[in-house]
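This report covers a two-chain model: the make-up of one chain, the contact between the chains, the nonpolar core and one residue close to the end of the text.

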Amino acid sequence: MPRHSHAYSNGHAYGPSNTFSISPHRFQPRTQPALRWRRKILFRICSISTLAAVILLLIFPSFRQVLLPSLGLSALLRDDPMISTVKHYDLSNVQGTARGWEKDERILMCVPLRDAEVHLPMFFSHLRNFTYPHRLIDLAFLVSDSKDHTLTLLKKQLEKVQADPDPLQPFGEISVIEKDFGQKVQQDVENRHGFAAQAGRRKTMAQARNWLLSATLRPYHSWVYWRDADVETAPPTILEDLMRHNKDVIVPNVWRPLPDWLGGEQPYDLNSWQESETALALAETLDEDAVIVEGYAEYATWRPHLAYLRDPYGDPDVEMEIDGVGGVSILAKARVFRAGVHFPAFSFERHAETEGFGKMAKRMKFSVVGLPHYTIWHLYEPSADDLKHMERMEEERLEKEAREKEELERQRRVTESWQDKKGEWEQDKKEIQNKALEKSRRERGERKPLGGSEQGPHAHAGEEEAESKKGSGESNAEANGMDAVGDV
Amino acid sequence: MARPLRRSSPITLILALVLFLGFIIFLLSPSNPVPSIPQSKIASSSSTRTSPNSPPPVIHYYLNNLTTSDDPIGNREKVLVLTPVARFYDEYWQNLLKLNYPRDLIELGFIVPKTREGNAALAKLDDAVRRVQTGSKKNRFSGVTIIRQDFDTPVPQNEKERHARPAQKERRGAMSRARNSLLYTTLGTETAWVLWLDADIIETPHTLIQDLASHDKAVIVPNCYQRYTEKGKEKVRPYDFNSWHDSETALAMAEKMGPDEIILEGYHEMATYRSLMAYERTEGDPHHLTELDGVGGTALLVKAEVHRDGAMFPPFPFYNLIETEGFAKMARRLGHQPYGLPNYLVYHYNE
C-alpha cells in the first residue's frame with residue numbers, strides 16, 4: 001500500500017485542509033548530483049591508478065620492490081632483522097643485466113694463482129684501475145702448490161688496498177683460499193706448454209677453478225669474472241665493456257707482445273674457437289679420456305680461432321659465436337655457474353677446463369661469445385726455445401762486438417804503422433839532408449865562409465838537437481827535420 | 001567543486017594522474033647510486049674507519065685442513081643439508097629436527113620454486129624455521145639459507161603427471177638446475193659434507209648423518225622405501241629406483257641412443273635389466289655396502305670435495321643419464337665411486 005496515501009513523505013499528515021503545501025510530495029533526483037559525480041570520478045581515478053600500477057609493474061621490475069611490500073606480498077621474502085642466521089635470497093634479482101654498475105650488481109672475481117709472486121704487483125696495478133665500482137667486486141683467490149711467496153705478498157697487497165685512504169679503492173669481500181692439489185707437473189713455460197703434459201695439467205687447473213668457484217659463489221652474485229694474474233695490458237673498463245654485450249659467457253681476444261726479432265706480436269690464447277667438422281670427427285676417433293688441446297700438430301682441428309681473426313683496426317664490439325673459451329679473462333653470468341656449468345676436470349666431449357666449460361655452457365643452451373677485435377695483452381714469457389735463441393743472439397752480438405773492436409784496433413794499428421814509416425822516411429830524408437848540409441858546410445869552411453852568419457848557428461843548433469834525440473821523439477825529429485829542410 | 005571537475009576533460013585527468021604517479025615513484029623508488037660514482041655511500045664510511053661500513057677484511061681459508069672422515073662429530077665437520085622444496089610436509093621438518101647430529105655443525109639450504117604452491121610451502125617453511133631459530137640458542141642451526149629459484153618448473157608436481165615419461169626429461173632437467181643452483185650458492189668454505197634430503201622424506205634413523213658418514217665414502221645413498229597400509233596392515237615397498245648397478249642391456253641401449261635421449265628406470269617400454277638397489281634389501285646387516293653406478297637423490301650423502309671437483313647434477317643428458325643418475329656418472333668420471341646401503345632404510349611420504 002502506498003505510503004503517501006495517508007501521509008506525505010515529509011511527515012505532514014495527509015489532511016483535507018487546503019493548506020500551503022510544497023508539491024510534489026515525492027523524491028525527485030536532481031539531474032546531476034555532485035555526489036554521484038564525485039563517486040564516478042573516484043571510481044575512475046581508482047581504476048586508472050590500478051591500471052597504471054599494473055603497467056608500471058610490467059615495465060619496471062624495480063618498481064615491484066617498491067610496490068609489493070606496501071601491499072604486504074613480499075613479507076615472505078624479507079629477512080627478519082632479528083634472526084641473523086636465516087637468509088632469504090631471490091635468484092631472479094641476480095640475473096645480470098647489460099648495465100650492472102647502475103643496478104648494484106655484484107661481481108665475483110676469481111683468480112687462480114700458482115707461483116705468481118712476480119706477477120702480483122702488475123696484477124694489483126690493474127685491479128686498482130678497474131672502473132667498475134670496487135665495492136661491488138668480491139675477490140676470490142686460490143693459491144695452490146706455490147713454492148714462492150705468492151701468499152704472503154698477496155695478503156700484504158690486499159690489506160694495503162683495503163686500507164687505502166681513497167674511499168673508492170677498497171673492494172667487497174675478499175677470500176684467499178689455500179689448497180694444494182699435488183701438482184705433478186712442473187709449471188715452467190716449457191713443461192706447461194708441452195703436448196704430453198697438457199691433458200693432466202688442464203685437469204688439475206680445472207679442479208682448482210672449480211674449488212675456487214664452488215667455495216666462494218654466493219646467492220647475491222650476478223656475475224663471475226675469471227682473470228689470470230699474468231695479463232700485461234687490459235683496458236680498465238674491461239668489466240663494463242664485456243658486460244655491455246649482455247651475454248652469458250663472453251671473452252676478449254688475447255694476444256701477447258713479442259720482441260722485434262719474433263715479429264712484434266702474436267696470438268696467445270688459442271682456446272677460444274668455433275667447432276669444426278674436422279674436430280668433431282677427430283673427437284669421435286679418440287679415447288674417452290683423451291683431451292683435445294689446441295695449437296699442437298698432433299691434433300689438427302682446422303677450427304676458426306678467435307685469436308687469428310683479429311683486425312687491429314676492427315670494431316671492438318663485433319661478436320663471434322664460439323664453442324671453446326680461453327681462461328685468461330672470462331666474464332660470465334653467475335646463473336651459468338648456478339645452473340651447473342663448471343670447468344670439467346675430466347674429459348667432457350674430449351675437452352677439459354675452459355674449453356670444456358665453453359662446450360658445457362653451449363650444451364645447456366647458454367650464449368658463448370668472443371670479441372675478435374677487442375684485445376688484451378698477455379705477458380710475454382720467453383720459452384726455452386726463445387731463451388736458447390736469445391742466448392744465441394746474445395752470443396752473436398758479443399761476437400760481433402768483439403769483431404768490431406778488433407777491426408778498430410787493426411785500423412788504428414795500420415794508421416800507426418803508416419805514420420811510423422813516414423817518420424822513418426822523414427828521418428832518413430833529414431839525415432840525408434843533414435849530411436848534405438854538413439858536407440856543403442865543410443866545403444864552405446875549407447873555402448872560407450861567405451857571411452852566412454845568422455842561419456848557420458840556428459841550423460847547427462837544430463842539428464845538435466836532432467843528434468841528441470836520435471831515435472826517441474819522432475815528432476821532435478820530424479819538426480827538426482822540417483826546420484832543417486826549411487833551412488836549406 | 002563539482003563544476004570544475006565536470007568541465008575538465010578525461011585527458012586532463014589522466015595527465016594529472018600520470019604526473020601524480022610519477023611523483024609517487026620518484027618518492028618511493030630506492031635511490032640508485034649514480035653510475036660508477038658511488039661516492040656518497042662510501043665517503044661516509046671512510047671518515048669513520050671503525051664503523052660497520054668500513055671495507056671488509058681479507059679472510060684466509062685453509063682448505064688443506066678441511067677433513068671428511070668417518071668420525072664427523074669428533075672432527076667437528078660441518079654438514080650442509082640441502083632440500084629442494086616443492087611442498088612442505090610437517091613430518092619432514094619433525095624428522096629433520098630429530099636428527100641428533102650437533103645443530104651448530106648443521107647448515108640448512110632450501111630452494112623454493114616461484115609458483116603458488118611454492119609460495120605456500122615457503123610460508124610454512126619460513127614459519128617452521130623461525131620457530132627453531134628464535135628458540136633456545138643450543139637448538140638453533142648454524143645457518144639457514146632460503147632461495148627462490150629463478151626459472152620455472154615445467155610440470156605441476158602431482159604424483160600422476162610427475163611420472164609421465166615424456167615429461168620426465170624436462171622435469172628432471174629443471175630439478176637438476178634447482179639442485180645445482182642451491183648447491184653452488186650455499187656450499188661454503190667450511191662445508192665438509194653435503195646431505196641431500198628431499199622434502200618428502202618423512203622418516204629416517206636419527207643418526208642418519210653419522211651412520212652414512214661412518215663408511216667414509218665419497219658418495220653414499222641409503223635405500224628409499226615407502227610405508228603403506230594394505231587391508232589394515234602396515235607394509236613397506238621400494239620407492240626410489242634410481243640407485244642401480246649398470247647392465248649390459250642398458251649400456252647397449254645407450255650406445256644406440258642419440259646424445260639427447262635419456263634412459264629412465266621403471267618404465268615397461270624401456271626395460272634396462274639393471275639390478276636395482278631397491279630390490280636388494282634383506283633383513284641383514286644395515287651397514288652392508290654395495291657399489292653403485294646410478295644413485296637416487298631422495299637421501300644422499302656426498303663429500304663436499306666431490307661437488308667441489310665439479311660433480312653436479314647434469315640438467316642435460318650426460319651419457320644418456322640425467323639428474324642424480326648423471327651425477328653418479330660424473331662423480332665416477334672424476335674418480336669418486338658411489339656406494340649404496342641396501343638394508344639401511346629411509347621412508348618417502350605416501351600421497
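In chain B, which has 351 residues, 44% of the residues are buried. The model is a predicted one. Chain B holds 11 helices and 13 strands. Of the contacts in chain B between residues at least 6 apart in sequence, 79% join residues at least 24 apart.

**Contact between the chains**

On the side of chain B, 68 residues are in contact with chain A, where 64 residues take part. The elements of chain B that give two or more residues to this side include the helices α2 (10-28), α5 (116-133) and α7 (165-186), and the strands β1 (58-62) and β4 (143-148). The largest share comes from α5(B), which gives 7 residues. By residue class, the side of chain B that touches chain A divides as follows.

| Class | Residues of chain B touching chain A |
|---|---|
| Nonpolar | 36 residues |
| Polar | 22 residues |
| Charged | 10 residues |

Strands pair across the two chains as well: β4 of chain A (residues 174-178) runs parallel to β1(B), and 5 bridges join them. In this pairing A:Ile177 stands opposite B:Tyr61, a residue of β1(B).

**Nonpolar core**

In soluble globular proteins, nonpolar side chains tend to be buried together. In this model the largest nonpolar core counts 168 residues. The residues with the most contacts inside this core are A:Phe141, A:Val224 and B:Val79. Helix α6 of chain A (residues 195-216) gives the most to the core, with 7 residues.

One of the residues just named, A:Val224, can be followed further. Setting aside neighbours within four places in sequence, A:Val224 is in contact with A:Leu108, A:Cys110, A:Leu213, A:Leu217, A:Ala332, A:Ala334 and A:Phe337.

**B:Tyr349**

B:Tyr349 lies in the segment after β13 (338-348) of chain B. Is B:Tyr349 buried, exposed or partly exposed? Its C-beta atom has 17 others within 10 Å. A buried residue needs 20 or more and an exposed one 12 or fewer, so B:Tyr349 counts as partly exposed.

Not counting residues up to four places away in sequence, B:Tyr349 touches B:Tyr89, B:Glu91, B:Asp200 and B:Ile202. With B:Glu91 the sequence separation is 258 residues, while the C-alpha to C-alpha distance is 8.6 Å.

Methods. Residues numbered from 1 in each chain as written. Chains lettered and ligands numbered in written order. Predicted model: local features only at pLDDT ≥ 70, side-chain atom pairs only at ≥ 80, totals over all residues. Contact = placed C-beta atoms within 7 Å. Helix = DSSP H or I, 4+ residues; strand = E, 2+ residues; numbered from the N terminus. Nonpolar A, V, L, I, M, F, W, Y, C, P; charged D, E, K, R; others polar. Pairing = 2+ DSSP bridges. Core = buried A, V, L, I, M, F, W, Y, C linked by C-beta atoms within 7 Å.
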